[in-house]
Each structure stands twice: as C-alpha cells, then as structure tokens.
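Here is a small set of exercises to work through with the model open beside you. Try each task before reading its solution.

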Amino acid sequence: MTQPWVVGNRWDARDGHRPDPLPLVSVIVSHFDQPAELARTLHALAAQDYPRHLLEVVVADDGSPGAVDVPEGVILVRQEDRGFRLAAVRNLGVRASSGEVLCFVDADTAPEPGYVRALSRLPALLPEAVTVGRRRHADFSDLPVDVPVVEAARGRELAEPAWLAEEYARSRDLLDADDRSYRFVIGAVIGCSRRLFDEVGGFDESFTSYGGEDWEWAHRMWQAGAVFAHVPDAVAWHDGPEWADRDGSGMDRANAQTLRLQSAIPVPGSAPRAVWSGAADLVVRVQGDHSAAALFIAADSLWGALPRARLVLDAAPDVLHGDPRAVVASAGPSAGVDARVTWLLERPVVVLDPAWIVDVVRRLGTGDVGAVELMAYDGSSLGVLTSRRAARRAERWGDSRGFETARMPAVGVHALRADPRVEAWVGGWGGVESFC
C-alpha cells in the first residue's frame with residue numbers, strides 16, 4: 001500500500017499516479033448577488049469530465065438579496081447578510097457537503113471541463129495536499145451563460161496576473177514552496193482533503209473584509225504539514241480583470257490586508273521587522289535547573305539573534321521576569337506557545353554568530369529537512385530544532401519519515417559554563433572562555 005505522505009513537499013513523487021477508486025468530490029461555490037456569473041459557473045460544473053455520481057456541488061450564498069436559483073441536484077445554503085463574510089460562507093458550504101475532497105471556486109470563476117479531476121487528484125492521493133489551480137481572466141460580458149467556458153473565453157482573454165505566473169515558474173509549480181508560499185494559494189481555485197481542512201479548522205471567520213482569508217488559511221495548512229502544489233491543468237476563468245486592475249483595489253485596501261495579516265503570519269517577510277506582535281516564531285525550551293547567570297546570557301544572546309523567540313524555562317530567574325518572552329514551563333514542554341520552530345535544549349547555550357542560527361531557523365521545514373540536531377565541537381549535542389510542519393506530520397501519521405532529520409556542526413553556538421562571567425558578556429570583553 002502506498003504511504004499517504006511524501007517527504008517534504010515532494011508532490012512530484014506522485015506524478016503519473018491516479019486515485020483508484022475516485023473519491024466523492026464536493027465543489028463549494030461561494031456567491032453573493034452575481035446571478036449571471038453563478039449560472040455560468042454552474043453550467044461549467046455540469047460539464048465536468050469527472051463522474052457525475054461522484055461530484056457534489058454546493059452553492060454557499062453570503063446573504064444575497066432575493067432568491068438564488070440553482071439547478072436540481074445542487075445544494076444551496078445561505079447565511080444572512082452581515083457584510084462581507086467569505087470565510088464564513090466557505091465554511092458553511094463545507095459543513096453542508098459530504099465529499100472526501102473539497103474544491104473551491106468563486107461564483108464568478110467558471111472552471112474548464114477538467115478542473116475537478118485535475119485539482120482533486122493530489123488531495124485524493126495525499127490527504128496533506130493543498131492544490132491551487134490556474135486562474136485565468138476573460139471578459140464574458142454580453143455572452144449567454146450556457147456557452148461552454150472554453151469557447152466563451154476564446155478571443156476574450158485578459159492579462160493573467162504576472163506575479164502568480166512568475167512565482168509558479170520560479171518554484172516549479174510550488175514544488176520549491178517555502179514559508180511564504182501561502183501568497184500563491186488563491187482562494188478562488190483551491191482544493192484539499194476534508195480531513196486536513198477539518199483538522200486545521202477551516203477558514204478564520206474573523207476575516208470580514210475583502211482579501212487575506214485564503215492566505216491566512218494557506219499559512220495554517222502549510223504549518224500543519226501541508227504539501228503545496230500548483231496544478232496548471234486545473235483552469236478556471238474569472239469574469240473580469242485581476243484584483244489589481246479592478247476599481248476599489250487601491251493602496252488603502254492593500255495596506256489593510258497586510259496589516260491584518262502581519263500578526264497572523266509571523267514569518268520573515270510577512271511579520272513586522274521590529275514591532276512586537278506577540279506571535280512567536282521560535283520556542284527555545286531549556287530543561288533543568290541552571291544558574292541565573294547562564295540563563296541571562298542565553299536569553300540575551302538568543303533575543304539578540306531572534307527577537308521573536310520565546311524562552312521556556314523550568315524556572316525563570318528574577319532578572320528575566322520583566323521580559324514577556326521568558327515563559328515558565330508550567331503547561332507542558334512549550335508552555336502553550338505554538339511556534340514555527342522548537343529548539344529543545346538540556347543546557348543553556350550562547351549565540352555568538354547570529355547570522356548562522358537565524359538562517360537555520362528560517363529554512364527549517366521548507367525543504368526535505370524538518371529537524372536538525374546541532375553538534376558541538378566535542379561531539380556533544382546542542383539540542384534539536386524541529387519545525388512545526390515536521391512535528392504535525394509525525395503526530396498525524398505516527399511516523400517521522402515525512403521529513404528528514406539532519407545533524408550538523410553548530411557555527412557560533414556554544415554551550416555555556418555553569419558559572420559564566422556576566423560582566424564579560426555585557427561588557428563585551430574577554431574571550432569565549434569567559435562564559436563557555
């Protein structure tokens with residue numbers, strides 16, 4: 001039996017594989033007051049080449065005024081109009097569905113006949129797969145809604161988003177995805193397994209304005225161990241230009257989205273450079289009892305290199321009580337802090353070369369390596385760093401082979417003496433032997 005995971009993000013290990021048997025797929029169509037666009041999309045879904053008895057269509061309406069017409073066999077669910085609630089209405093559609101695989105389209109984004117088959121293939125084979133199709137653009141104005149979408153788009157194509165096309169090419173269709181690849185998972189054309197969707201918790205319903213809910217969701221899925229893949233054969237046509245070319249898509253809206261996400265996605269390039277958001281990127285867990293001097297130097301050097309880190313201690317010395325980043329481990333190994341990377345230590349260390357350890361933390365979990373054991377010059381261990389992606393995947397399958405573990409010599413990280421000289425550290429004088 002083929003294992004239900006791949007190493008890292010290697011979805012290409014399933015190239016050429018087809019699910020057998022095919023799963024029941026639920027297509028969730030989010031809609032608000034776009035009757036013509038909805039009709040076109042439902043016609044396109046009726047023309048899918050996926051077996052009809054294995055395809056369920058759910059229209060999730062976000063409080064449109066008046067009636068919403070859907071054909072027989074299409075499920076319609078509605079929520080009252082309380083403003084823009086795309087995240088909530090997608091979740092509503094999922095709750096009304098029963099498929100093992102979920103595909104999402106917006107009402108104004110009509111899929112080509114092979115959309116469902118192409119987008120659902122990987123989630124059917126790999127429950128951790130999150131797939132994103134190719135969103136193309138065309139002007140369908142004045143066209144009958146029952147014209148086949150490929151025919152309707154011919155000669156009416158609009159420009160595709162260059163930033164998406166460039167990233168898909170650079171990342172080899174997200175095979176080389178990293179912690180910031182959530183930006184290329186577009187909510188209008190996504191697919192995933194119900195299992196992972198339910199486990200991660202669906203879309204965050206606190207998003208009540210245009211944009212960002214898909215990126216926050218994709219970030220959580222990635223951190224839970226998801227496999228990201230762009231599927232260029234899963235094509236859906238948006239009626240009209242891309243977001244950047246539409247009325248009302250100016251700087252105020254873009255800034256509002258970025259500010260909304262900066263605390264929800266605490267990774268470099270998305271999080272603030274210095275503003276304290278309260279979100280942890282790294283948890284350093286130091287086990288056992290150690291001197292106040294050793295813990296002070298460890299904390300000072302750690303936060304100098306990685307200011308968003310939390311230091312979890314069995315007992316924090318008085319000198320650290322004023323810093324909210326020092327946490328007492330009274331509620332489990334990480335004291336309830338869920339960070340992107342966890343570094344487990346049995347003794348305090350000092351970071352003398354910040355650039356090296358910052359790079360290790362930044363890259364961990366974005367390739368095949370999900371955990372790293374750091375080795376001192378004498379061969380002793382300086383702890384193990386584990387990415388959240390690797391930890392979640394190991395918990396899910398009861399097997400750690402979903403990521404590789406590497407051992408590497410630590411550069412600029414040293415074990416501290418039990419009684420290091422704090423004066424030498426804060427004064428910047430004396431050699432390493434003063435505290436190591």
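**Warm-up: the start of the chain**

P21 is found in the segment before β1 (25–31), where strands (E, at least two residues) and helices (H or I, at least four residues) are DSSP runs numbered from the N terminus. The peptide bond from D20 to P21 is cis, with omega near 5°.

A word on conventions before we go on. This is a predicted model, in which local features need pLDDT of at least 70 and side-chain atom pairs count only at pLDDT 80 or more, while totals for chains, interfaces and linings use all residues. Residues are numbered from 1 along each chain as its sequence is written, and side-chain values use heavy atoms, with hydrogens and water left out.

**Exercise 1. Describe the protein as a whole.**

Step 1. Begin with secondary structure: the protein has twelve helices and 18 strands.

Step 2. Add the dimensions. The C-alpha trace spans about 80 × 50 × 40 Å along its principal axes.

Step 3. Turn to burial, where buried means under 20% relative accessible area, exposed over 50%, and partly exposed in between (1.4 Å probe, protein chains only). Of the 436 residues, 53% are buried.

Step 4. Finish with contacts (heavy atoms within 4.5 Å). Among the contacts with a separation of 6 or more, 73% join residues 24 or more positions apart.

**Exercise 2. Find the residues with positive phi and place them.**

Step 1. Look in the loop between β1 and α1, the place of D33. D33 is not a glycine, yet its phi is positive, at about 50°. Its relative accessible area is 41%, so D33 is partly exposed.

Step 2. Move to the loop between α5 (162–170) and β8 (189–193), which holds R172. R172 is another non-glycine with a positive phi, about 55°.

Step 3. Include a glycine: G225, just after α7, has a positive phi of about 100°.

**Exercise 3. Trace the surroundings of T41.**

Step 1. Locate T41 in helix α1 (residues 35–46).

Step 2. Is T41 buried or exposed? With a relative accessibility of 0%, T41 counts as buried.

Step 3. Follow its side chain, which reaches the backbone oxygen of A107 at 2.7 Å. For a polar contact, the cut-off is a pair of N or O atoms within 3.5 Å; within protein, one must be able to donate a hydrogen and the other to accept it, and residues adjacent in sequence count only if both atoms are side-chain atoms.

Step 4. List the neighbours, leaving out residues up to four places away in sequence: T41 touches V29, V105, D106, A107, D108, T109, A110 and P111.

**Exercise 4. Explain why helix α7 is largely enclosed.**

Step 1. Count the buried residues: helix α7 (residues 213–223) has ten of its eleven residues buried, so it is largely enclosed by the rest of the structure.

Step 2. Name some of them. The buried residues of α7 include W215, W217, M221 and W222, and also E213, D214 and E216.

**Exercise 5. Map the nonpolar cores.**

Step 1. Use the rule that a nonpolar core is a set of buried Ala, Val, Leu, Ile, Met, Phe, Trp, Tyr and Cys residues joined through side-chain atoms within 4.5 Å.

Step 2. In the largest core, of 64 residues, those touching the most other members are V27, V29, F104, V130, W217 and F228.

Step 3. Zoom in on F104. Beyond its neighbours within four places in sequence, F104 contacts I28, R90, V94, Y115, G187, A188, V189, I190, C192, F197 and F203.

Step 4. Look for a second, separate core: this one has 33 residues, including V286, L313, A316 and V413.

**Exercise 6. Characterise the largest cavity.**

Step 1. Set the terms. On a 1 Å grid over the protein atoms alone, a cavity is a set of points where a 1.4 Å probe fits but cannot get out, and lining residues have an atom within 4 Å of a point. Grid points are joined across faces, edges and corners, and the volume is the space filled by probe spheres set on the points.

Step 2. The structure holds one cavity of 30 Å³ or more, and the largest cavity has about 60 Å³ of space.

Step 3. Which residues line the largest cavity? They are V284, V286, A298, S301, L302, L311, W343, L345, V349 and V351.

Step 4. Which element gives the most to this lining? The answer is α9, with three residues.

Definitions and conventions:
1 Å grid on protein atoms, 1.4 Å probe; cavity = no way out; pocket = protein on both sides within 12 Å on 5 of 7 lines; lining within 4 Å.
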